[in-house]
Amino acid sequence: MQQHLIAIDLDGTTLNNQSKLSPLTRQCLRKLDEMGHLIAIVTGRPYRTSIGLYQELGITSPMVNFNGAYCCFPQRPAWTAAYHYDLDRSIALELLKRQDSLNVNLICAEGIDRLYSSSMNLPDSPYYPKEETQLSKLTRSSLTKNPTALTLFSSEDQQTFIKQQIEDKYSNQVAVRTWGGEFPVLEVVRAGINKAVGVKAIADFYHIPRESIYAFGDEDNDREMIEYAGHGVAMANAIASIKNSADEITDFTNDQDGLAKHLIKAFDLKILS
């Protein structure tokens, strides 16, 4: 059997619209894991909000967080292909100092297990911790280590200005992505980092060729891994540019078990959908 790597985004892809794993999705991914394929969560989420879903799936494989900036194997702390690409602490502190002039409403600096925020009043979102043990006020004295990623909240009409200001000053050090929707944000990671970096690291370690890689996604941060994979799959609910980049498009949305149904058909799984 040719082992496949199946890289799965979480929100808008593997999870339904209630940010949950459906019974069919759990059953499908566990079956593929039992068959010897690698099921790798590759998400923009931090580790702390992904590990519970990883454990719920019951899979045994590496996981990629922060859009490619962090890769680990939760059950194997000494896994040799693990990596962590962080940002220089001075960038976070400089942006904090310029928060008002940049028209940024909130700045969050992500550690692996802890969030540092310019305000303790965080959006009501599964991305952010409710427990005070995982949250600190972002200050020069509290942020003692380099963060993994920065998230800047602003109005959507300010994003282009903010992105340009950051790229002008740190062009060779950072990559910036913008997001709209209910909570418009800019995400800042180290230059050259994206989800394909994590997918390639896992594939190289297990000697899995690109033609044996499936990558599922729905948003702009999934583009590089979808283009890298031999089978780049856009969800039916994906944005237009991701559908244009993909080799395949699911017949159903994330809220209709689109990922599971696509994999059941692709691998001829004997699972009732």
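**Exercise 1. Which residue forms a salt bridge with Arg177, and how far apart are the closest N and O atoms?**

Solution.
Step 1. Note that this model is predicted.
Step 2. Find Arg177, then look for its partner: Glu224 forms the salt bridge with Arg177.
Step 3. Read the distance. The closest N and O atoms of Glu224 and Arg177 are 2.6 Å apart.
Step 4. Check the cut-off. A salt bridge needs the nitrogen and the oxygen within 4 Å.

**Exercise 2. State how the protein is divided into domains, and give the separation of their centres.**

Solution.
Step 1. Trace domain 1. It is made of 5-84 + 193-267.
Step 2. Trace domain 2, which covers 89-190.
Step 3. Take the centres over C-alpha atoms. Those of domain 1 and domain 2 lie 25 Å apart.

**Exercise 3. Describe the interface of domain 1 and domain 2.**

Solution.
Step 1. Count the residues in contact: 20 from domain 1 and 18 from domain 2.
Step 2. Give the area. About 1,600 Å² is buried between domain 1 and domain 2. Carbon and sulfur atoms give 55% of that area.
Step 3. Name the residues of domain 1 that lose the most area to domain 2. They are Arg48, Phe66 and Ile193. Together they make up 42% of what that side buries.
Step 4. Turn to the polar side of the interface. There are 3 salt bridges across it. Residue pairs in polar contact between domain 1 and domain 2 number 6.
Step 5. Sort the residues of domain 1 that touch domain 2. The split is 6 nonpolar, 7 polar and 7 charged.

**Exercise 4. How many cavities of 30 Å³ or more does the whole structure hold, and which residues line the largest cavity?**

Solution.
Step 1. Search the whole structure. The search finds 1 cavity of 30 Å³ or more.
Step 2. Give the volume of the largest cavity: about 40 Å³.
Step 3. List the lining. Among the residues are Thr13, Thr14, Asn16 and Lys20. The lining also includes Asn254, Asp257, Gly258 and Leu259.

Definitions and conventions: Residues are numbered from 1 along each chain as its sequence is written. This is a predicted model: local features need pLDDT of at least 70, side-chain atom pairs count only at pLDDT 80 or more; totals for chains, interfaces and linings use all residues. Side-chain values use heavy atoms; hydrogens and water are left out. Domain bounds come from an automatic or database domain assignment. Buried area is the accessible area (1.4 Å probe) that two parts lose on being put together, summed over both. A salt bridge is a side-chain nitrogen of Lys or Arg within 4 Å of a carboxyl oxygen of Asp or Glu. A polar contact is a pair of N or O atoms within 3.5 Å; within protein, one must be able to donate a hydrogen and the other to accept it, and residues adjacent in sequence count only if both atoms are side-chain atoms. Ala, Val, Leu, Ile, Met, Phe, Trp, Tyr, Cys and Pro count as nonpolar, Asp, Glu, Lys and Arg as charged, and the others, Gly among them, as polar. On a 1 Å grid over the protein atoms alone, a cavity is a set of points where a 1.4 Å probe fits but cannot get out, and a pocket is an open set with protein on both sides within 12 Å along at least five of seven lines; lining residues have an atom within 4 Å of a point. Grid points are joined across faces, edges and corners, and a volume is the space filled by probe spheres set on the points.
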